[in-house]
Amino acid sequence: MAVPTPAPRALEFARTLVGFNTVSANSNLALIHCIRDELARLGVKSRLSYNAERTKANLFATLGEGKPAGIILSGHTDTVPWDGQDWSVDPLGAVVRDGRLYGRGSADMKGFIATAVAHAERFLNSKAPFAIHLAFSYEEEIGCFGVKELIADMREAGIAPLACIVGEPTSMVPAIAHKGVYRYRCCVRGKEAHSSLTPHSVNAIELAARVVGRVRDMAEGFEREEPRYEGFDVPFSTASVGQFHGGIADNVVPRDAEFRYEFRDLPTADARRMQEQVVAYARSLEPAMQQVAPDTGFRFETICEIPSFLGSAEDDVTRLAMRLAGEQRTTQVAFGTEAGLFKNAGIRTVVCGPGSIAQAHQPDEYVSLEQLARCQAFMEGLAEVRSLA
Ligand SMILES: [Zn+2]
């Protein structure tokens, strides 16, 4: 049997989107304007919501104006960079070879976005009793910052969708859970001194190390005691320190140190509570530090907070995704997505999109044409849906 392939127009649009360099640090406006113009040809107006500098935008569009709010197709437009990676093709070249579309973002997640946009006309002409919404965000890869603006903008416009399908690469198997990702930076201010005079100093590295040790103790506690949540590669919450900086010379007690760490909490755990424990422990060290020098202490910054996601195999949107994808099963994924943010906004959500996370963020990232064709069949089915139940 021949392997199914996507419609030429959808594939061409995916190639166009891959061609835009939308690494998270860059502007995504050229790509957003391209999608806006594509939708405008069909008479569809896009809502753009911008970052503070107006260098990046989310796009939200409703296909089926006048119908009750319906199902969101959600994707992020930014990609991770490819610096230092060994690519055999141009990351922006969108080469199609051996049944695959290669390029940064092809799987994560421009293939999905392009397939959704390519079906805009079908959604417009759909007899479904509800609208289809397109929701494309910026800065997902560095902390899901854009989608928070997008959800706020949607609320402001009075749009209350029934459900959301996040098209992250799950090989078109509906995913109903992932862990959260919470990252923090801790800056320690001590008091410097010649290293022969330690009683007159506050050693920032040593104090930072105590808090690092605390994070480690918590990680061991999760492994030892946390109720297991089967289906994840690691079925308990994890904590990890990723960076540590401090010190200027062997004979100077360091004034400054900083480290960065993360929690990946189970859907049944609470990373904010974990962070509160770290902060409380650091605060308990401050009185002794401040006896030596009053302006010493700890300062914490939030880098990102991506909530965990827990949907349900019983949700109508999950059952719909299973039916449209022709899948009997659901899965859980190891990576963070925007799904938890939609869910927390009161919108039933499932994660389902073409391509594999095994290829995302890798050199020679690709999405197979077979996966794009399956995504296309999914969209065609969605345009024929008569009710969500
Ligand atoms: Zn992604």
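Which residues have the most contacts inside the largest nonpolar core? I started there, keeping in mind that this is a predicted model.

**Cores.** I found 55 residues in the largest nonpolar core, and those with the most contacts inside it are Ile35, Leu39, Ile71, Leu73, Leu101 and Leu382. Apart from it I noted another core, of 28 residues, including Leu207 and Phe236. I then looked up Ile71: leaving aside neighbours within four places in sequence, its contacts include Phe130, Ile132, Ile165, Leu320 and Leu382.

**Helix H10.** Leu382 took me to H10, where Leu382 is one of the buried residues, along with Leu369, Leu372, Phe378 and others. I checked the length of H10 (residues 369-384) too: its 16 residues should span 22 Å at 1.5 Å a residue, and the end C-alpha atoms are 23 Å apart, so the two agree.

**Zinc site.** Next I went to the zinc ion. Its protein donors are His76 (NE2), Asp108 (OD) and Glu168, which is listed with OE twice, and they lie 1.8 to 2.6 Å from the ion. Along the chain I read their spacing as H-x31-D-x59-E. His76 sits in strand E3 (residues 71-76) and Asp108 in helix H3 (residues 106-118), 32 residues apart, so this pair links distant parts of the chain. The angles among the 4 donor atoms run from 54 to 137°, and the site is irregular.

Are these two donors buried or exposed? His76 has a relative accessible area of 1% and is buried; Asp108, at 3%, counts as buried as well.

**Record check.** Last, I looked at UniProt: an unreviewed entry lists residues 176-287 as "domain: Peptidase M20 dimerisation". Over that stretch I noted 35% helix and 29% strand, with the end C-alpha atoms 45 Å apart.

Definitions and conventions:
Residues numbered from 1 in each chain as written. Predicted model: local features only at pLDDT ≥ 70, side-chain atom pairs only at ≥ 80, totals over all residues. Heavy atoms only, no water. UniProt positions renumbered as here; feature names shortened; annotations may be inferred. Helix = DSSP H or I, 4+ residues; strand = E, 2+ residues; numbered from the N terminus. Expected span 1.5 Å × (residues − 1). Buried < 20%, exposed > 50% of the residue type's maximum accessible area, 1.4 Å probe, protein only. Core = buried A, V, L, I, M, F, W, Y, C linked by side-chain atoms within 4.5 Å. Contact = heavy atoms within 4.5 Å. Donors = N, O, S within 2.8 Å, 3.2 Å for Na, K, Ca; no water. Tetrahedral: all angles 85-135°; square planar, octahedral: opposite > 155°, others 65-115°.
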